[in-house]
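Let's take a walk through this model together, beginning where its parts meet and then moving inward. Keep the structure open beside you as you read.

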Amino acid sequence: MDHQYFHCPVPASPAAQARVPVLQKIDLITVSLPFVKPFATSVHSWAVKEALLLRLESEGVVGWAECVADPDPFYASETTHTVRHVFKDFLLPMLTPGQTIGALLQRWSPVRGHGMAKAMVENALLDLIARQQGRSLHELLGLPTRRIQSGISLGIQDSIPALLDAVAEAMSRPYHRVKLKIMQGKDVEWIGAVRAAYPQLALMADANGDYRLEHAPLLRELDAFQLTMIEQPLSYSDIVQHAALQRELRTPLCLDESIHDLDDARSALALHACRVVNIKQGRVGGMIESLRIAALCQRAGIDVWSGGMDETGIGRAFNLQLQAAPGFTLPGDTSETARYFSEDIVDPPVVLADDGFIDMPGGAGIGVAVQEDRVDRYTLQREHIR
Ligand SMILES: [Mg+2]
(Lines give C-alpha, C1' and ligand atoms only; values in the text may rest on other atoms or scores of the structure.)
Protein backbone atom coordinates (compact mmCIF):
# COMPACT_ATOMS: atom_id res chain seq x y z
CA MET A 1 0.00 0.00 0.00
CA ASP A 2 1.21 3.50 -0.85
CA HIS A 3 0.78 5.46 2.38
CA GLN A 4 1.97 8.67 0.70
CA TYR A 5 -1.56 9.24 -0.65
CA PHE A 6 -2.97 9.46 2.87
CA HIS A 7 -0.73 12.43 3.64
CA CYS A 8 -0.62 14.21 0.28
CA PRO A 9 -1.89 17.80 0.89
CA VAL A 10 -4.51 19.28 -1.44
CA PRO A 11 -4.98 23.04 -1.95
CA ALA A 12 -8.05 24.85 -0.58
CA SER A 13 -10.36 26.41 -3.17
CA PRO A 14 -10.63 30.22 -3.05
CA ALA A 15 -14.43 29.67 -3.16
CA ALA A 16 -14.21 28.27 0.39
CA GLN A 17 -13.62 31.87 1.55
CA ALA A 18 -16.87 33.15 -0.03
CA ARG A 19 -19.63 33.95 2.45
CA VAL A 20 -23.18 32.61 2.64
CA PRO A 21 -25.60 35.41 1.67
CA VAL A 22 -28.86 36.23 3.47
CA LEU A 23 -31.49 34.10 1.75
CA GLN A 24 -34.94 35.64 1.38
CA LYS A 25 -36.45 32.73 -0.58
CA ILE A 26 -35.72 29.00 -0.61
CA ASP A 27 -37.66 26.62 -2.88
CA LEU A 28 -37.35 22.91 -3.59
CA ILE A 29 -38.81 22.12 -7.00
CA THR A 30 -39.30 18.63 -8.44
CA VAL A 31 -39.35 18.61 -12.23
CA SER A 32 -39.97 15.74 -14.64
CA LEU A 33 -38.58 15.98 -18.17
CA PRO A 34 -39.19 13.15 -20.66
CA PHE A 35 -36.00 11.67 -22.14
CA VAL A 36 -35.82 11.54 -25.93
CA LYS A 37 -34.97 7.85 -25.40
CA PRO A 38 -34.96 5.75 -22.20
CA PHE A 39 -31.52 5.31 -20.59
CA ALA A 40 -30.61 1.84 -19.24
CA THR A 41 -27.73 0.66 -17.04
CA SER A 42 -27.04 -2.87 -15.75
CA VAL A 43 -29.36 -1.99 -12.85
CA HIS A 44 -32.35 0.00 -14.12
CA SER A 45 -33.91 1.87 -17.05
CA TRP A 46 -35.15 5.47 -16.77
CA ALA A 47 -37.70 6.96 -19.24
CA VAL A 48 -37.97 10.40 -17.62
CA LYS A 49 -35.58 12.65 -15.76
CA GLU A 50 -37.11 13.43 -12.40
CA ALA A 51 -34.85 15.98 -10.73
CA LEU A 52 -34.96 17.93 -7.50
CA LEU A 53 -33.97 21.58 -8.03
CA LEU A 54 -32.97 24.06 -5.33
CA ARG A 55 -33.74 27.75 -5.97
CA LEU A 56 -32.16 30.31 -3.64
CA GLU A 57 -32.92 34.03 -3.83
CA SER A 58 -30.97 36.84 -2.21
CA GLU A 59 -31.80 40.51 -2.87
CA GLY A 60 -33.25 39.75 -6.29
CA VAL A 61 -30.40 37.46 -7.41
CA VAL A 62 -31.28 33.78 -7.93
CA GLY A 63 -28.95 30.78 -7.62
CA TRP A 64 -29.86 27.30 -8.81
CA ALA A 65 -28.76 23.73 -8.28
CA GLU A 66 -29.90 20.34 -9.48
CA CYS A 67 -29.58 17.39 -7.12
CA VAL A 68 -28.27 14.28 -8.91
CA ALA A 69 -30.29 11.87 -6.73
CA ASP A 70 -32.92 9.84 -8.53
CA PRO A 71 -36.37 9.16 -7.09
CA ASP A 72 -35.14 5.55 -6.70
CA PRO A 73 -32.04 3.98 -5.07
CA PHE A 74 -30.89 2.17 -8.25
CA TYR A 75 -27.74 4.20 -8.83
CA ALA A 76 -26.97 5.36 -5.28
CA SER A 77 -28.54 4.95 -1.84
CA GLU A 78 -29.63 8.60 -1.70
CA THR A 79 -33.00 9.42 -3.26
CA THR A 80 -34.84 12.69 -3.83
CA HIS A 81 -36.84 11.90 -0.66
CA THR A 82 -33.75 11.39 1.52
CA VAL A 83 -32.24 14.57 0.08
CA ARG A 84 -35.38 16.59 0.96
CA HIS A 85 -35.31 15.20 4.52
CA VAL A 86 -31.58 15.75 5.12
CA PHE A 87 -31.69 19.22 3.56
CA LYS A 88 -34.65 20.48 5.60
CA ASP A 89 -33.88 18.78 8.91
CA PHE A 90 -30.09 18.96 9.07
CA LEU A 91 -28.22 20.92 6.37
CA LEU A 92 -30.43 24.01 6.24
CA PRO A 93 -30.54 24.52 10.05
CA MET A 94 -26.71 24.57 10.06
CA LEU A 95 -26.58 27.28 7.39
CA THR A 96 -25.92 30.76 8.78
CA PRO A 97 -25.61 33.98 6.76
CA GLY A 98 -22.06 35.37 6.87
CA GLN A 99 -20.32 32.04 7.51
CA THR A 100 -17.79 31.03 4.87
CA ILE A 101 -18.57 28.15 2.51
CA GLY A 102 -15.54 26.35 3.95
CA ALA A 103 -16.92 26.77 7.49
CA LEU A 104 -20.33 25.54 6.31
CA LEU A 105 -18.84 22.37 4.79
CA GLN A 106 -16.98 21.81 8.08
CA ARG A 107 -20.20 22.41 10.05
CA TRP A 108 -21.87 19.70 7.95
CA SER A 109 -19.15 17.12 8.68
CA PRO A 110 -21.16 15.35 11.46
CA VAL A 111 -23.76 14.54 8.77
CA ARG A 112 -22.40 11.24 7.51
CA GLY A 113 -22.65 10.62 3.79
CA HIS A 114 -25.48 12.37 1.91
CA GLY A 115 -23.02 13.87 -0.57
CA MET A 116 -25.82 14.47 -3.07
CA ALA A 117 -27.78 16.57 -0.58
CA LYS A 118 -24.67 18.52 0.42
CA ALA A 119 -23.67 19.09 -3.21
CA MET A 120 -27.12 20.47 -4.02
CA VAL A 121 -26.86 23.18 -1.34
CA GLU A 122 -23.17 23.96 -2.01
CA ASN A 123 -23.87 24.22 -5.75
CA ALA A 124 -26.80 26.63 -5.34
CA LEU A 125 -24.84 28.83 -2.91
CA LEU A 126 -21.82 28.99 -5.23
CA ASP A 127 -23.99 29.82 -8.27
CA LEU A 128 -25.76 32.54 -6.25
CA ILE A 129 -22.50 34.05 -4.94
CA ALA A 130 -20.88 34.02 -8.40
CA ARG A 131 -23.96 35.70 -9.92
CA GLN A 132 -23.94 38.33 -7.15
CA GLN A 133 -20.30 39.04 -7.98
CA GLY A 134 -21.08 39.13 -11.72
CA ARG A 135 -18.52 36.47 -12.56
CA SER A 136 -18.49 32.89 -13.69
CA LEU A 137 -18.50 29.99 -11.25
CA HIS A 138 -15.17 28.68 -12.57
CA GLU A 139 -13.65 32.11 -11.89
CA LEU A 140 -15.00 32.02 -8.32
CA LEU A 141 -13.36 28.58 -8.00
CA GLY A 142 -10.04 30.02 -9.22
CA LEU A 143 -10.10 28.10 -12.50
CA PRO A 144 -9.15 29.30 -16.00
CA THR A 145 -11.62 29.48 -18.89
CA ARG A 146 -11.08 26.64 -21.29
CA ARG A 147 -12.94 24.60 -23.86
CA ILE A 148 -14.26 21.26 -22.59
CA GLN A 149 -13.86 17.83 -24.18
CA SER A 150 -17.08 15.98 -24.96
CA GLY A 151 -18.15 12.39 -24.47
CA ILE A 152 -21.26 10.34 -24.84
CA SER A 153 -22.61 7.48 -22.74
CA LEU A 154 -24.78 4.88 -24.50
CA GLY A 155 -27.19 2.87 -22.36
CA ILE A 156 -27.70 -0.90 -22.55
CA GLN A 157 -29.31 -1.81 -25.90
CA ASP A 158 -31.60 -4.71 -26.84
CA SER A 159 -29.27 -6.30 -29.42
CA ILE A 160 -25.82 -5.94 -30.99
CA PRO A 161 -27.30 -4.41 -34.21
CA ALA A 162 -29.17 -1.88 -32.04
CA LEU A 163 -25.91 -1.08 -30.25
CA LEU A 164 -24.08 -0.58 -33.56
CA ASP A 165 -26.91 1.73 -34.67
CA ALA A 166 -26.62 3.71 -31.44
CA VAL A 167 -22.84 4.07 -31.89
CA ALA A 168 -23.31 5.13 -35.52
CA GLU A 169 -25.81 7.76 -34.45
CA ALA A 170 -23.43 9.01 -31.73
CA MET A 171 -20.58 9.15 -34.27
CA SER A 172 -22.62 11.51 -36.46
CA ARG A 173 -21.45 14.14 -33.95
CA PRO A 174 -17.73 14.70 -33.27
CA TYR A 175 -17.59 13.29 -29.72
CA HIS A 176 -14.12 12.74 -28.27
CA ARG A 177 -15.06 9.37 -26.79
CA VAL A 178 -17.90 6.89 -26.56
CA LYS A 179 -18.83 5.02 -23.38
CA LEU A 180 -20.83 1.80 -23.57
CA LYS A 181 -22.81 0.46 -20.65
CA ILE A 182 -22.19 -3.26 -20.19
CA MET A 183 -23.72 -6.01 -18.06
CA GLN A 184 -23.37 -9.77 -17.69
CA GLY A 185 -24.33 -11.36 -21.02
CA LYS A 186 -23.90 -8.08 -22.92
CA ASP A 187 -20.16 -7.55 -22.70
CA VAL A 188 -17.28 -9.19 -24.62
CA GLU A 189 -19.13 -9.96 -27.84
CA TRP A 190 -20.89 -6.59 -27.79
CA ILE A 191 -17.75 -4.53 -27.19
CA GLY A 192 -15.92 -6.67 -29.77
CA ALA A 193 -18.56 -5.85 -32.41
CA VAL A 194 -18.20 -2.11 -31.80
CA ARG A 195 -14.38 -2.32 -31.80
CA ALA A 196 -14.44 -4.25 -35.10
CA ALA A 197 -16.62 -1.56 -36.69
CA TYR A 198 -14.61 1.36 -35.22
CA PRO A 199 -10.95 0.32 -34.80
CA GLN A 200 -9.74 3.83 -33.85
CA LEU A 201 -12.62 5.02 -31.67
CA ALA A 202 -11.79 6.13 -28.10
CA LEU A 203 -14.00 3.60 -26.37
CA MET A 204 -14.69 2.68 -22.74
CA ALA A 205 -17.10 0.43 -20.86
CA ASP A 206 -19.14 1.03 -17.68
CA ALA A 207 -20.56 -1.97 -15.78
CA ASN A 208 -22.17 -0.09 -12.86
CA GLY A 209 -21.02 -2.85 -10.52
CA ASP A 210 -22.52 -5.85 -12.33
CA TYR A 211 -19.56 -8.24 -11.95
CA ARG A 212 -17.78 -10.07 -9.15
CA LEU A 213 -14.11 -10.86 -8.73
CA GLU A 214 -14.72 -14.40 -9.99
CA HIS A 215 -15.48 -12.82 -13.40
CA ALA A 216 -11.85 -11.70 -13.74
CA PRO A 217 -11.10 -14.18 -16.60
CA LEU A 218 -14.10 -12.88 -18.57
CA LEU A 219 -13.20 -9.24 -17.92
CA ARG A 220 -9.63 -10.02 -19.01
CA GLU A 221 -11.03 -10.82 -22.46
CA LEU A 222 -11.86 -7.10 -22.75
CA ASP A 223 -8.10 -6.40 -22.76
CA ALA A 224 -8.18 -7.33 -26.46
CA PHE A 225 -10.20 -4.22 -27.37
CA GLN A 226 -7.88 -1.35 -26.28
CA LEU A 227 -10.51 0.23 -24.06
CA THR A 228 -9.49 3.50 -22.43
CA MET A 229 -10.87 2.04 -19.20
CA ILE A 230 -13.45 -0.25 -17.62
CA GLU A 231 -15.56 1.70 -15.15
CA GLN A 232 -16.82 0.23 -11.86
CA PRO A 233 -16.86 -3.46 -12.83
CA LEU A 234 -17.32 -4.63 -9.21
CA SER A 235 -19.67 -3.66 -6.38
CA TYR A 236 -20.79 -0.04 -5.96
CA SER A 237 -19.16 0.11 -2.53
CA ASP A 238 -15.93 -1.83 -3.13
CA ILE A 239 -12.34 -0.59 -3.39
CA VAL A 240 -10.23 -3.56 -2.19
CA GLN A 241 -11.49 -6.13 -4.71
CA HIS A 242 -11.01 -3.63 -7.53
CA ALA A 243 -7.34 -3.51 -6.49
CA ALA A 244 -7.15 -7.29 -6.86
CA LEU A 245 -8.90 -7.13 -10.25
CA GLN A 246 -6.68 -4.29 -11.51
CA ARG A 247 -3.64 -6.50 -10.90
CA GLU A 248 -5.16 -9.07 -13.30
CA LEU A 249 -6.11 -6.68 -16.13
CA ARG A 250 -4.07 -4.66 -18.58
CA THR A 251 -6.98 -2.27 -19.18
CA PRO A 252 -7.11 0.59 -16.63
CA LEU A 253 -9.96 0.42 -14.15
CA CYS A 254 -11.97 3.53 -13.28
CA LEU A 255 -13.88 3.97 -10.03
CA ASP A 256 -17.17 5.86 -9.99
CA GLU A 257 -19.77 4.70 -7.43
CA SER A 258 -17.09 3.73 -4.85
CA ILE A 259 -15.66 7.25 -4.57
CA HIS A 260 -17.79 9.33 -2.20
CA ASP A 261 -15.19 11.82 -1.03
CA LEU A 262 -11.48 12.68 -0.86
CA ASP A 263 -10.82 9.93 1.71
CA ASP A 264 -12.23 7.25 -0.62
CA ALA A 265 -9.98 8.58 -3.40
CA ARG A 266 -6.96 8.40 -1.05
CA SER A 267 -7.81 4.77 -0.22
CA ALA A 268 -8.29 3.85 -3.89
CA LEU A 269 -4.96 5.41 -4.87
CA ALA A 270 -3.10 3.88 -1.92
CA LEU A 271 -4.37 0.42 -2.86
CA HIS A 272 -3.81 0.95 -6.64
CA ALA A 273 -7.47 0.02 -7.09
CA CYS A 274 -7.82 2.12 -10.27
CA ARG A 275 -5.84 4.18 -12.76
CA VAL A 276 -8.69 6.60 -13.50
CA VAL A 277 -11.30 8.30 -11.31
CA ASN A 278 -14.74 9.45 -12.42
CA ILE A 279 -15.59 12.51 -10.33
CA LYS A 280 -19.31 13.19 -10.12
CA GLN A 281 -19.43 16.49 -8.33
CA GLY A 282 -23.12 16.08 -7.56
CA ARG A 283 -22.38 12.85 -5.70
CA VAL A 284 -19.13 13.59 -3.84
CA GLY A 285 -20.45 16.60 -1.92
CA GLY A 286 -20.00 19.34 -4.51
CA MET A 287 -17.53 21.40 -6.50
CA ILE A 288 -15.03 22.10 -3.70
CA GLU A 289 -14.65 18.42 -2.68
CA SER A 290 -14.38 17.50 -6.38
CA LEU A 291 -11.49 19.92 -6.87
CA ARG A 292 -9.72 18.41 -3.85
CA ILE A 293 -10.10 14.90 -5.35
CA ALA A 294 -8.92 16.17 -8.74
CA ALA A 295 -5.87 17.82 -7.14
CA LEU A 296 -4.94 14.61 -5.30
CA CYS A 297 -5.28 12.56 -8.48
CA GLN A 298 -3.26 15.08 -10.50
CA ARG A 299 -0.41 14.81 -7.97
CA ALA A 300 -0.62 11.02 -8.22
CA GLY A 301 -0.61 11.07 -12.03
CA ILE A 302 -4.13 9.59 -12.13
CA ASP A 303 -6.48 10.82 -14.86
CA VAL A 304 -9.87 12.13 -13.85
CA TRP A 305 -13.00 13.02 -15.78
CA SER A 306 -16.43 14.38 -15.02
CA GLY A 307 -19.24 11.84 -14.98
CA GLY A 308 -22.81 12.70 -15.84
CA MET A 309 -26.10 11.73 -14.28
CA ASP A 310 -28.25 12.59 -17.33
CA GLU A 311 -28.75 16.00 -15.77
CA THR A 312 -30.96 18.78 -17.07
CA GLY A 313 -29.13 21.88 -18.27
CA ILE A 314 -28.59 23.05 -14.68
CA GLY A 315 -26.55 20.05 -13.55
CA ARG A 316 -24.86 19.84 -16.95
CA ALA A 317 -23.67 23.46 -16.54
CA PHE A 318 -22.07 22.70 -13.15
CA ASN A 319 -20.21 19.76 -14.72
CA LEU A 320 -18.89 22.02 -17.48
CA GLN A 321 -17.68 24.66 -14.98
CA LEU A 322 -15.88 21.95 -12.96
CA GLN A 323 -14.02 20.65 -16.01
CA ALA A 324 -12.16 23.95 -16.29
CA ALA A 325 -9.87 22.45 -13.60
CA PRO A 326 -6.57 21.25 -15.10
CA GLY A 327 -6.80 17.76 -13.53
CA PHE A 328 -9.72 16.85 -15.80
CA THR A 329 -7.57 15.32 -18.51
CA LEU A 330 -10.02 12.88 -20.12
CA PRO A 331 -13.31 13.53 -21.94
CA GLY A 332 -16.26 13.19 -19.57
CA ASP A 333 -19.93 12.32 -19.97
CA THR A 334 -20.91 15.83 -21.07
CA SER A 335 -22.88 15.48 -24.30
CA GLU A 336 -25.30 17.59 -26.30
CA THR A 337 -28.58 18.54 -24.62
CA ALA A 338 -30.61 17.46 -27.68
CA ARG A 339 -29.51 13.86 -27.15
CA TYR A 340 -31.45 13.78 -23.87
CA PHE A 341 -34.24 16.36 -24.02
CA SER A 342 -36.33 17.88 -26.81
CA GLU A 343 -36.72 20.92 -24.56
CA ASP A 344 -34.46 21.85 -21.65
CA ILE A 345 -35.02 24.29 -18.78
CA VAL A 346 -31.94 26.45 -19.51
CA ASP A 347 -30.54 28.47 -22.39
CA PRO A 348 -28.27 28.04 -24.20
CA PRO A 349 -28.25 24.25 -24.67
CA VAL A 350 -24.96 22.31 -24.80
CA VAL A 351 -23.84 22.01 -28.45
CA LEU A 352 -20.58 20.59 -29.80
CA ALA A 353 -18.32 22.76 -31.94
CA ASP A 354 -17.02 21.27 -35.19
CA ASP A 355 -13.97 19.89 -33.36
CA GLY A 356 -16.13 18.21 -30.71
CA PHE A 357 -15.24 20.67 -27.93
CA ILE A 358 -17.85 22.47 -25.83
CA ASP A 359 -17.41 26.19 -25.28
CA MET A 360 -17.98 27.27 -21.69
CA PRO A 361 -21.19 29.35 -21.55
CA GLY A 362 -20.27 32.98 -20.96
CA GLY A 363 -22.81 34.17 -18.38
CA ALA A 364 -22.31 34.74 -14.65
CA GLY A 365 -22.59 31.83 -12.21
CA ILE A 366 -23.06 28.53 -14.06
CA GLY A 367 -23.22 30.53 -17.27
CA VAL A 368 -26.68 29.49 -18.46
CA ALA A 369 -30.02 31.21 -17.89
CA VAL A 370 -32.67 29.11 -16.16
CA GLN A 371 -36.01 29.57 -17.93
CA GLU A 372 -38.50 29.70 -15.08
CA ASP A 373 -41.56 29.43 -17.35
CA ARG A 374 -40.23 26.08 -18.58
CA VAL A 375 -39.34 25.01 -15.03
CA ASP A 376 -42.99 25.74 -14.09
CA ARG A 377 -44.25 23.71 -17.04
CA TYR A 378 -42.30 20.60 -15.98
CA THR A 379 -42.91 21.01 -12.22
CA LEU A 380 -44.44 18.09 -10.32
CA GLN A 381 -44.13 19.68 -6.90
CA ARG A 382 -42.91 23.00 -5.50
CA GLU A 383 -42.17 23.36 -1.81
CA HIS A 384 -41.73 26.91 -0.61
CA ILE A 385 -39.46 26.59 2.41
CA ARG A 386 -38.86 30.29 3.03
MG1 LIG B 1 -20.48 5.11 -14.08
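Between domain 1 and domain 2, 20 residue pairs are in polar contact, counting pairs in which both residues have a pLDDT of 80 or more. That confidence score is a reminder that you are looking at a predicted model. On the side of domain 1 that touches domain 2, at least two residues each are supplied by strand 1 (25-40), strand 2 (45-58), strand 3 (61-67), helix 3 (101-107), helix 4 and helix 14 (372-377). Helix 4 gives the largest share of that side, with 11 residues.

Let's step back to see how the chain is laid out. It is divided into domain 1 (14-135 + 373-384) and domain 2 (152-366). Taken over C-alpha atoms, the centres of domain 1 and domain 2 are separated by 23 Å. Where the two meet, 39 residues of domain 1 are in contact with 41 residues of domain 2. Together they bury about 3300 Å², and 61% of this area lies on carbon and sulfur atoms. Charged pairs take part as well: the rule finds 3 salt bridges across the interface of domain 1 and domain 2. If you would like a salt bridge to look at, pick out the side chains of Glu169 and Lys37, which meet at 2.7 Å, N to O.

Now for the interior. The largest nonpolar core has 131 residues, and Leu54, Met120 and Val277 are those with the most contacts inside it. Helix 4 (residues 115-132) appears again here, contributing the largest share of this core with 10 residues. The core also draws at least three residues from each of domain 1 and domain 2. To see its packing around one residue, centre your view on Met120: setting aside neighbours within four places in sequence, Met120 is in contact with Leu28, Leu52, Leu54, Ala65, Cys67, Val83 and Phe87. Apart from this core lies another, of 6 residues, among them Met204, Cys254, Val276 and Trp305.

Our last stop is Thr337, in helix 13 (residues 337-340). Is Thr337 buried or exposed? Its relative accessible area is 3%, so Thr337 counts as buried, the cut-off being under 20%. The side chain of Thr337 reaches the backbone nitrogen of Val350 at 2.8 Å. Not counting residues up to four places away in sequence, Thr337 touches Val350 along with Arg316, Asp344 and Pro349.

Conventions:
Residues numbered from 1 in each chain as written. Predicted model: local features only at pLDDT ≥ 70, side-chain atom pairs only at ≥ 80, totals over all residues. Heavy atoms only, no water. Core = buried A, V, L, I, M, F, W, Y, C linked by side-chain atoms within 4.5 Å. Buried < 20%, exposed > 50% of the residue type's maximum accessible area, 1.4 Å probe, protein only. Helix = DSSP H or I, 4+ residues; strand = E, 2+ residues; numbered from the N terminus. Domains from an automatic or database assignment. Contact = heavy atoms within 4.5 Å. Buried area = accessible area lost by both parts, 1.4 Å probe. Salt bridge = Lys/Arg side-chain N within 4 Å of Asp/Glu carboxyl O. Polar contact = N/O pair within 3.5 Å; in protein donor to acceptor, adjacent residues only side chain to side chain.
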